[in-house]
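Subject: Structure for your files

Hello,

Here is the structure I said I would pass on. My notes on what turned up in it follow below.

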Amino acid sequence: MIMSEEQVQTTAPEQQNQPVFSIEKLYVKDLSLEVPHAPQIFLEAETPEVDMRISTESKAVEEGFYDCNLTVTVTVKLADNRVVFLNEVTQSGIFRIENVPEEDLKMLLGIACPNILFPYAREVVSSTITRAGFPPVLLAPINFDAMYHQAQETPAAE
């Protein structure tokens, strides 16, 4: 199809203003595993308590590029409060986001990006814990939409 010069000029600026959202890079930013009471802890028959904490943060790296971090901390303790293991993973991603309104940008960084990162963080947690000699910890899906909206309401309540 051949376009007139006038058609080319009108479509080019419209395409430049289209929203852009893409994954540029996914990577593990930080990974740690501590088994402070090994090897004795492997002889314990007691069922431990599992505590999982999740946090997210995002920042602009340069114009149109954002670094989003999802940190998952899994702490497993026995009833006497001895730590079986502590595993912390920060799964990160660089995302290209352009031509998006500020409110939508905050939601992309607080909901969409963590949703993309979570399966990767879940795999790293499971793999790391298994390699340490423990049964895998399979993390349940997280509702980042609810987390985002709860975080937005908290400052208003204070």
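Read from the start of the sequence, the protein chain runs α-β-β-β-β-α-α, which gives three helices and four strands. Please keep in mind that this is a predicted model.

Some totals for the whole protein chain come next. It has 158 residues, and 29% of them count as buried. The exposed surface comes to about 10,200 Å², with 52% of that supplied by carbon and sulfur atoms. Of the contacts between residues at least 6 apart in sequence, 69% join residues at least 24 apart.

On to the strands. Strand β4 covers residues 83-98 and pairs with strand β1, residues 20-34, through 13 bridges; the two run antiparallel. One place to find this pairing on your screen is V28, whose bridge partner in β4 is Q91. Strand β4 also pairs with strand β3, residues 65-77, again in the antiparallel sense and over 13 bridges. In that pairing, K77 has V83 of β4 as its bridge partner. The hairpin of β3 and β4 has five residues between the strands, and N81 in this hairpin takes a positive phi near 75 degrees.

Strand β2 spans residues 49-62, and S55 has its place there. Is S55 buried, partly exposed or exposed? Its relative accessibility is 39%. Buried would need under 20% and exposed over 50%, so S55 counts as partly exposed. Leaving aside residues up to four places away in sequence, S55 touches N69, L70 and T71. S55 and P114 are 59 residues apart in sequence, yet their C-alpha atoms are 9.4 Å apart in space.

That leaves helix α2, which covers residues 102-131. How does its span agree with its 30 residues? At 1.5 Å a residue, the helix should span 44 Å, and its end C-alpha atoms are 42 Å apart, so the two values agree. There is nonetheless a kink of about 40 degrees in α2, centred on L108. Just after α2 comes G133, with a positive phi of about 100 degrees.

If you want to look at a few places yourself, these are the ones I would open:

- the kink in α2 at L108
- N81 in the hairpin of β3 and β4
- S55 in β2, with N69, L70 and T71 that it touches

Regards

Methods
Residues numbered from 1 in each chain as written. Predicted model: local features only at pLDDT ≥ 70, side-chain atom pairs only at ≥ 80, totals over all residues. Heavy atoms only, no water. Buried < 20%, exposed > 50% of the residue type's maximum accessible area, 1.4 Å probe, protein only. Contact = heavy atoms within 4.5 Å. Areas by Shrake-Rupley, 256 points an atom, 1.4 Å probe, with all protein chains shown as cover. Pairing = 2+ DSSP bridges. Expected span 1.5 Å × (residues − 1). Bend = angle between axes of the 7 residues up to and from the residue.
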